[in-house]
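Please look through the sequence and the structure shown below, and keep both at hand while reading the report that follows.

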Amino acid sequence: MEKKLALISVSDKTGIVEFAKELTHHQGYTILSTGGTAKLLAEKGIPVTEVSDYTGFPEMMDGRVKTLHPMIHGGLLCLRSNPEHMKQAAEHGIGMIDLVVVNLYPFESTVAKAGCTIADAIENIDIGGPSMLRSAAKNHASVTVVCDNRDYPAVLEAMRHGGEELQQMRRKLALKVYQRTSAYDAAIANYLNGKFNGEDSLPETLNIGLPLVQKMRYGENPHQKAALYGDFGKYFRQLHGKELSYNNIIDISAAANLIAEFDKPTLAILKHTNPCGVASCDNLVDAWNQAFETDKQAPFGGIIVVNRKMEADLAQIIAGIFSEVIIAPDFSDEALEILTKKKNLRVMISTCNKVGGLQYKSVVGGILAQDSDAIEELKANMEVVTKRQPTEEEWRAMLFGWKVVKHVKSNAIVYAGCERTLGIGAGQMSRVDSSQIAVWKAGEAKLPLEGSVVASDAFFPFADGLVAAAKAGATAAIQPGGSVRDAEVIAAADENNMAMVFTGVRHFRH
């Protein structure tokens, strides 16, 4: 009877010794291996044959050439049911390899390290590994292929049962191989595109290879299927509460991007990705009071995010209202004790800080890609276009409002005081409508707008929006400028003794 061959060559050696012992002791496999894997297995007393001894061709060029050989790929690709294939294999002394266990050089973790050079990255591009995986996966009707050490127990169980159970496992594992090699190639292509063409360059071919993080109970609505892919856990960690929903994750991302704008202790309350109250103060309790005062109705069922460690005093206050998610870079033990009394409240630690790179939106028949709206805007680059110069207090309020308005859905209007919001209008078809909503919100909160500033995410197309802001009490405005009627808008500001600043940058959010 022809011996059963298993080829094992792994970078991540977690669990491989125990797996190999089962293969040799209970499944009757003869193991072929390379380099460090072969050395480890031999040290553990597991019989192993070096691939170079099996092929009769030495490993060479620092290990770059070792498994790319007909003795290996012939043994993987040979169709056992094809007499001509089997005849050719016999003529050339090619044995059938029924099991391949390979995980790839750690390219992704290598390029994530500080100081990684292009030479380091290229040296960690695996060639033989993907080739063996793809060959084995193509012939999965006869070959079991394993690229993930978490599958070892299930593979052994399927081998013990054999038959249809083993065939189902082979199909599942083959699919996993192509998903893995696709993601691996995408990581390489994206890295090299960034290095050769610039980190924010738009590639000729968009490669997205993201691992499944979790399947969601449903999407935006209960009838929609949904799942989370990528590196969410790199930036966020859940400490308590119900499983995150699709909408929670979108809100959490929006909250993290907003809070990253601020250096002073800041608290923001969001609902459906829109901020409904933001404030920066010397401490988070004062920031809460001012942010919550902006809109005491919308925060019900909302998201609260802070950029400092949350202590018990703030936790005690916010525990008094119903929130979906609380986000902070850290929590004191006392704060956690208070918040975790609420069974369903999701408590999250965030290490997220302005994440750059490309952003994606699906559209009918394709995907839109753009670089992130993380442009650094300096006061020195802004232009005062009115006769009156802003006061220092107006400057502080405008710069604060400008950071907030870029995170409000267009058309966006924010009335702000000194490092706090007073009224926010979001997502209306008309900029005047957004302004009216912001004024109404401020009135509901009994927050006077006299002496406030107004921030607009895009230019005022007509003077009427600015005049309405002046009537509401605003004394200064910050906007991108760029309208064909800028002169009319500037004249209206001068007529109302308003100071106005053009930033030259628009912040639409659709």
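## The sheet and its strands

In this predicted model, Lys4 stands opposite Tyr29, a residue of strand β2. Lys4 and Tyr29 belong to a longer pairing, in which strand β1, covering residues 4-10, runs parallel to strand β2, covering residues 29-33, and is joined to β2 by five bridges.

These two strands are part of an open sheet of five, arranged in the order β3-β2-β1-β4-β5 with parallel pairing. The strands at the edges are β3 (49-50) and β5 (144-146), and because each has a single partner strand, one side of each is left without a neighbour in the sheet.

## Helices against the sheet

Helix α4, made of residues 70-77, packs on the sheet and touches both β1 and β4 (97-103), with a direction that makes about 115 degrees with that of β4. Helix α9, made of residues 152-161, lies across β1, β2, β4 and β5, and runs at about 165 degrees to β5.

## The two sides of helix α2

Which residues of helix α2 (residues 35-43) are buried? They are Thr37, Ala38, Leu40 and Leu41. Seen down the axis of α2, these buried residues fall within an arc of 165 degrees, and therefore they line one face of the helix. A general rule helps in reading such a pattern: an α-helix has 3.6 residues a turn, so residues three or four places apart point the same way.

The buried residues of α2 are covered by elements that include β1, α1 (16-25), β2 and β3, whereas Lys39 and Glu43, on the other side of α2, are exposed. Just after α2 comes Gly45, which takes a positive phi of about 80 degrees.

## Nonpolar cores

The largest nonpolar core has 55 residues, and those with the most contacts inside it are Ile16 and Val101. Helix α10, residues 163-197, gives the most to this core, contributing eight residues.

If its neighbours within four places in sequence are left aside, Ile16 is in contact with Ile8, Val10, Leu40, Leu41, Val101 and Tyr152. Apart from the largest core lies another one, of 42 residues, which includes Ile259, Ile327, Val408 and Ala499.

## Cysteines

A disulfide is a covalent bond between the sulfur atoms of two cysteines, and this structure holds zero disulfides. Buried means under 20% relative accessible area, so Cys78 counts as buried at 7% relative accessibility, and Cys147, at 13% relative accessibility, counts as buried too.

Key
Residues numbered from 1 in each chain as written. Predicted model: local features only at pLDDT ≥ 70, side-chain atom pairs only at ≥ 80, totals over all residues. Heavy atoms only, no water. Pairing = 2+ DSSP bridges. Helix = DSSP H or I, 4+ residues; strand = E, 2+ residues; numbered from the N terminus. Contact = heavy atoms within 4.5 Å. Axes fitted to C-alpha atoms, helices over the stretch in contact; angles between N-to-C directions. Buried < 20%, exposed > 50% of the residue type's maximum accessible area, 1.4 Å probe, protein only. Arc of directions from axis to C-beta. Core = buried A, V, L, I, M, F, W, Y, C linked by side-chain atoms within 4.5 Å. Disulfide = S-S within 2.5 Å.
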